[in-house]
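Thanks for asking me to look this one over. My notes are set out as numbered points, so feel free to take them in any order.

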Amino acid sequence: MDTETNTEINGETTADIAYLLKIEGETLLVQGNLTIGRHIDNDIIVAGEDVLDFHLRLELCERGPNVIPLGNATFALNGNEVEGIWSLIPGDVLGIGVVAVHVGIEREQADGIRAWVLAEQDTERIHDIADDFLIGRHPECGLQLDSEHVSRRHARIVQVAGGVWIQDLGSANGTQLNGRTIRGGCRLLHGDEVRFDELAFRVRGIGEDLTVMRPFRDEDLRPIRVLDGSTSNETSEGGRSLVANIESSIKKRGVSQQRNNTATSVSSVARLQAAPNVSTQRRATPAQDQHVLEGLSDSGKVNTFR
């Protein structure tokens, strides 16, 4: 995940939530990165025979905190022994030796979003997100997905203080956020794409000042205009012109356009674009009712084209 905590999303920053760690009745604010261990130089000191001098590193990222084991350190996440780097969401419990570290948040103000939904990418069907929203093939899931590639309990989405977080539940084929596989959980933002194997959904917040989202369509990836032999203009030298024919728009505006030397002028534009140091021998003096294009070469020569 990105290590920036103030990344701008839809004109707003994501630094509206403060993450907290609750350890043995004491609440600590997570500010930037910190280390946890039994050595006195750690930001959070945890005693115990099973705790290393420098046990874990906690990095606060855009989508939430990541926990990184140091050396041969081991830890538990929600009662299960895990390895490697994991991302955390509110409600997670870290087990460090015999000490339990609870992850929480505080939020002074909401962002105006009244509700959250998941929209299917293919059908645009809308699914309301409950406070604790289970996703998978199991009949008890709030979003039941009929796919053999989706686990029975694949993922969950939780709402806390008006924000939403997604968490993979150890699914066989993983959960992706904006094309990247998540490990653990992270915060969701308006417009995110989430995938449960091959099934894609768009996260939408229902509020006043949010951009309307829609999935990409095939035509979004196509050129606006395809040049082929039947539609392209040909220059007097047989070369294909890259300048669109604007005669129809000129006629609509009632401007009389002289067409003599048009092909030569277009050909000159193409040659000037290919070789900017080449200049013409003389500068044309256009009539008062003609539109012209003036080009400046590297040598300072001004060339005028009708």
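Below are my points on the fold, the sheets and a handful of residues.

1. **Ground rules.** This is a predicted model, in which local features need pLDDT of at least 70 and side-chain atom pairs count only at pLDDT 80 or more, while totals for chains, interfaces and linings use all residues. Residues are numbered from 1 along each chain as its sequence is written, and side-chain values use heavy atoms, with hydrogens and water left out.

2. **The chain as a whole.** The chain holds 2 helices and 26 strands; these are DSSP runs numbered from the N terminus, helices being H or I of at least four residues and strands E of at least two. Of the 306 residues, 38% are buried (buried is under 20% relative accessible area, exposed over 50%, partly exposed in between, with a 1.4 Å probe and protein chains only). The chain exposes about 18600 Å², with carbon and sulfur atoms supplying 47% of that area (Shrake-Rupley method, 1.4 Å probe; for residues, only the protein chains shown count as cover). Among contacts between residues at least 6 apart in sequence, 41% join residues at least 24 apart, where contact means heavy atoms within 4.5 Å.

3. **The five-stranded sheet.** One open sheet has 5 strands in the order β17-β16-β18-β19-β22, with mixed pairing (two strands pair if DSSP finds at least two bridges between them). β17 (143–144) and β22 (185–188) each have a single partner strand, so one side of each is left without a neighbour in the sheet. Further in, β16 (residues 132–136) and β18 are antiparallel over 4 bridges, with Phe-133 opposite Ile-157 in β18.

4. **The β18–β19 hairpin.** Strands β18 (residues 155–160) and β19 (residues 163–168) run antiparallel and are joined by 6 bridges. Arg-156 has Gln-167 of β19 as its bridge partner. The two strands form a hairpin with 2 residues between them, and Ala-161 in the turn has a positive phi of about 55 degrees. You may like to look at that turn on screen.

5. **Gln-144 at the edge.** What does the side chain of Gln-144 reach at 3.2 Å? The backbone oxygen of Arg-137 is the partner, a polar contact by the usual rule (N or O atoms within 3.5 Å; within protein, one must be able to donate a hydrogen and the other to accept it, and residues adjacent in sequence count only if both atoms are side-chain atoms). Gln-144 belongs to strand β17 and is partly exposed at 47% relative accessibility. Leaving aside neighbours within four places in sequence, Gln-144 is in contact with Gly-136, Arg-137, His-138 and Pro-139.

6. **Gly-184, just before β22.** Gly-184 lies in the loop between β21 (180–181) and β22. Is Gly-184 buried or exposed? With a relative accessible area of 4%, Gly-184 is buried. Not counting residues up to four places away in sequence, Gly-184 touches Trp-86, Ser-87, Ile-166, Gln-167 and Asp-168. Gln-167 is also the bridge partner of Arg-156.

7. **The six-stranded sheet.** A second open sheet has 6 strands in the order β15-β14-β24-β23-β20-β21, with antiparallel pairing. Its edge strands, β15 and β21, each pair on one side only. Between β20 (residues 175–177) and β23 (residues 193–196) there are 3 bridges, and Leu-177 stands opposite Val-194 in β23.

8. **An exposed loop residue.** Asp-122 sits in the loop between β14 (113–120) and β15 (126–128) and counts as exposed at 79% relative accessibility. Its C-alpha atom is 9.0 Å from that of Leu-199, although the two are 77 residues apart along the chain.

9. **Aromatic rings and cysteines.** The count of aromatic pairs comes to 1 (ring centres of Phe, Tyr or Trp, the last by its six-membered ring, within 6.5 Å; planes under 30 degrees apart are stacked, over 60 edge-to-face, the rest tilted). Phe-196 and Phe-201 form this tilted pair, at 5.8 Å centre to centre and 55 degrees between the planes; both are buried. A search of the whole structure finds 0 disulfides (cysteine sulfur atoms within 2.5 Å). Cys-61 is buried at 4% relative accessibility, and Cys-186 is buried at 1%.
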